[in-house]
Every structure is written in C-alpha cells, then in structure tokens.
Amino acid sequence: MNSIATGDFPYIHGFSADEQSRLMRQARMFESTLFSHIDYGGATRLLEVGCGVGAQTEILLRRFPELHVTGVDRSPTQLAAAERNLGATAWCESRYTLRQADATDLPFAERSFDAAYLCWVLEHMPSPARVLSEVRRVLSPGATVYVTEVLNSSFFLDPYSPNLLRYWMAFNDHQYDSGGDPFVGAKLGNLLLAGGYRDVQTEVKNVHLDNRQPGRRKQMIEFWQELLLSAADQLIAAGKTDIPTVEGMRSELQAVRNDPNAVFFFAFVQARATVY
C-alpha cells in the first residue's frame, strides 16, 4: 500500500513483520466486499500500484486466471515480503513481476497495460492526482481501472469510546500532516475526471457488524485494535497522542469486544473508470 526512493519511507503503520502479517489478513477479511463488483474480464496485463506485501496481488491472480500482474511499490522491504508470499503460492508462479518504482514516475512506456488496480494506496500519497495521471499514461485505450480508498470519517463504534475517538482523530491528523489523505475516498470521482478518465462510477461499500454476526464483529474489532496500535509509537513520538490515551483506548476496545450489543461500522469508496 505504498508507492519510491532508495529506501523505505514514512508509513503510518510501519514495516514490521507483524504489520506485514496484518496486511495479509486484512486482504482476506475485506476480499468479499472489495471484489464483489470487480471484473477484469478480457484483460491480461494488469498494473497494481502500491502492491505492498503482495496480499492483493495473490487475490487478483487467483480470481482472474488470465492476468499477469506487474506490482510496483516504493518500499524494498514490502517488495521482499511480496516476493516471499507470492513465490510460495503455486498459482502465482510466472504470473507476476515486482518492481520498485515511484507511482508518480512509472518506468513503463505508454500503453503497457490493459488494466490497473489501486487499493488503500492514494491515502498515503501527497499527489494522488499525479499518480492517477501517470497510471492513465501507461494504460491502453479501453483499459479499466479500479481504485478503492478510505473514508475515515465514517468510522463508528458503539458503546461510546472517547479515548478511541481521540486517538482516531490523532491518527487521521498525523496521516494528513504527513502528506496523506484519510478522506480521499470521497474525492475519487473528481480525481479520476480530472485525470482524464471516462465512465467514472463510484460505489460506497461498508462493513456493518452487530448482533447478526457476533463472531465476525469480534474478529473485526480485534483487527481494528491491531491496525490502530500499529501507529501508536509514531503518534506518541509526533506528540499527536499520549500513553494514557493509548491505554484508555485498549481498555475501551476490550469492553466493546465483550459487549453483547456492540456495533462496528466503517465505509469506504470504490471507483471504476475507463481509459479512452
């Protein structure tokens, strides 16, 4: 979920082995929601921008047997993890290429690909418009692109958890101050139109868990705690939050996880567009 320099760059979740494992589990948890309307039928050469540890790459190759995926990422640490993950998966063999590359200056000729995929990437980019323009440059006419992005203002958790909400705002402030955009999902339509794409469509997707799915609700809250805590050291070091708030958030999440009437809600936006 990153796009390059000669080394790793600031990333709100870090590059630890635990974080790389979380990204793999995240991809599986959201797969059914993310891919419910994605169709790459007819495409054979797909560019994945911000391939990270290869979590989404594996899903793309499994769901679309005709695809060869070229994954680019800014982080050599993530690319090394992607090579390990994909190399250990039989159906991925010979069907992917990984390259360290800057998403705003892709090392490919025009019309090199007939499809593109970006997921949880633009939220980390200082210039999402420039990224989308560069992606369009390397796509052939008729190519389809799917972009999925966060809308962090949609997050809701019940019972009310004041420390968690304070931490969540600090999390978003830090990402924004670091050049990212935790609300970029709502802007995808405008960004794609400005980037020269056509047939732009957007869909708001959500994860809404209550007493109808108690097991999945508990799993999601546990995952969400892991996601939040992955940024705790950075936020404390930046003066965005403090240890009492982090510990208060832990206690609140424990209480919510055990509450028989807890509610979890989070929405994000998926866009589809075409190149002419």
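What follows walks through the confidence, helix packing and a handful of individual residues in this predicted model.

Confidence comes first. The mean pLDDT over the protein is 92, and 94% of the residues score at least 70. The weak spot to flag is residues 1–9, where pLDDT stays under 50. The model still has 47 contacts beyond four places in sequence for this stretch. Where pLDDT is low, though, the predicted coordinates should not be read in detail.

On to the helices. Two packed helices are described by the angle between their axes and the distance between the axes. For helix α7 (residues 214–229) and helix α9 (residues 243–258), the angle is about 170° and the axes are 10 Å apart. Since angles over 145 degrees count as roughly antiparallel, α7 is therefore roughly antiparallel to α9. On the α7 side, the contact is made by Lys218, Ile221, Glu222, Gln225, Leu228 and Leu229. Helix α9 answers with Val246, Met249, Arg250, Leu253, Val256 and Arg257. Sorted by class, this contact has seven nonpolar residues, four charged ones and one polar one.

Helix α4 (residues 128–137) has Pro128, Val131, Leu132, Glu134 and Val135 buried. Looking down the axis of α4, these buried residues fall within an arc of 160°, so they line one face of the helix. What they pack against is a mixed set: strands β1 (45–49), β4 (113–119) and β5 (139–150), plus helix α6 (188–194).

Leucine 191, in helix α6, gives a residue-level view of that neighbourhood. Its relative accessible area is 16%, so leucine 191 counts as buried. Setting aside residues up to four places away in sequence, leucine 191 touches Pro128, Ala129, Leu132 and Val184. Leucine 191 and leucine 132 sit 59 residues apart in sequence, yet their C-alpha atoms are 7.7 Å apart in space.

Strand β4 can be looked at through aspartate 114, which lies in it. With a relative accessible area of 16%, aspartate 114 is buried. Beyond four places in sequence, aspartate 114 touches Gly42, Ala43, Thr44, Arg45 and Leu46, along with Ser140, Ala143 and Thr144. For a sense of scale, the C-alpha atoms of aspartate 114 and leucine 209 are separated by 37 Å, with their positions 95 residues apart along the chain.

Helix α2 (residues 55–63) is mostly covered, with seven of its nine residues buried. The buried ones are Ala55, Gln56, Thr57, Glu58, Ile59, Leu60 and Leu61. Leucine 60, placed in α2, comes out at 0% relative accessibility and so counts as buried. Leaving aside neighbours within four places in sequence, leucine 60 is in contact with Phe35, Tyr40, Leu46, Glu48, Leu67, Val69 and Tyr117. Glycine 195, on the other hand, is 135 residues along the chain from leucine 60, and 24 Å separates the two C-alpha atoms.

Arginine 272 belongs to strand β8 (residues 263–274). At 26% relative accessibility, arginine 272 counts as partly exposed. The residues that arginine 272 touches, not counting those up to four places away in sequence, are Thr144, Val145, Tyr146, Asp199, Val200 and Gln201. Arginine 272 and glutamine 56 are 216 residues apart in sequence and 17 Å apart in space, C-alpha to C-alpha.

Finally, a few backbone oddities. Most residues other than glycine have a negative phi, and most peptide bonds are trans. Arginine 111, in the loop between β3 (96–100) and β4, has a positive phi near 60°. At 57% relative accessible area, arginine 111 is exposed. Tryptophan 120 also isn't a glycine, but its phi is positive at about 55°. This tryptophan 120 is found in the loop between β4 and α4 and is buried, with a relative accessible area of 5%. As for peptide bonds, the one from aspartate 158 to proline 159 is cis, with omega near 10°. Proline 159 is found in the loop between β6 (156–158) and α5 (162–177).

Terms used. Residues numbered from 1 in each chain as written. Predicted model: local features only at pLDDT ≥ 70, side-chain atom pairs only at ≥ 80, totals over all residues. Heavy atoms only, no water. Axes fitted to C-alpha atoms, helices over the stretch in contact; angles between N-to-C directions. Helix = DSSP H or I, 4+ residues; strand = E, 2+ residues; numbered from the N terminus. Parallel < 35°, antiparallel > 145°, perpendicular 65-115°, else oblique. Contact = heavy atoms within 4.5 Å. Nonpolar A, V, L, I, M, F, W, Y, C, P; charged D, E, K, R; others polar. Buried < 20%, exposed > 50% of the residue type's maximum accessible area, 1.4 Å probe, protein only. Arc of directions from axis to C-beta. pLDDT = per-residue confidence, 0-100.
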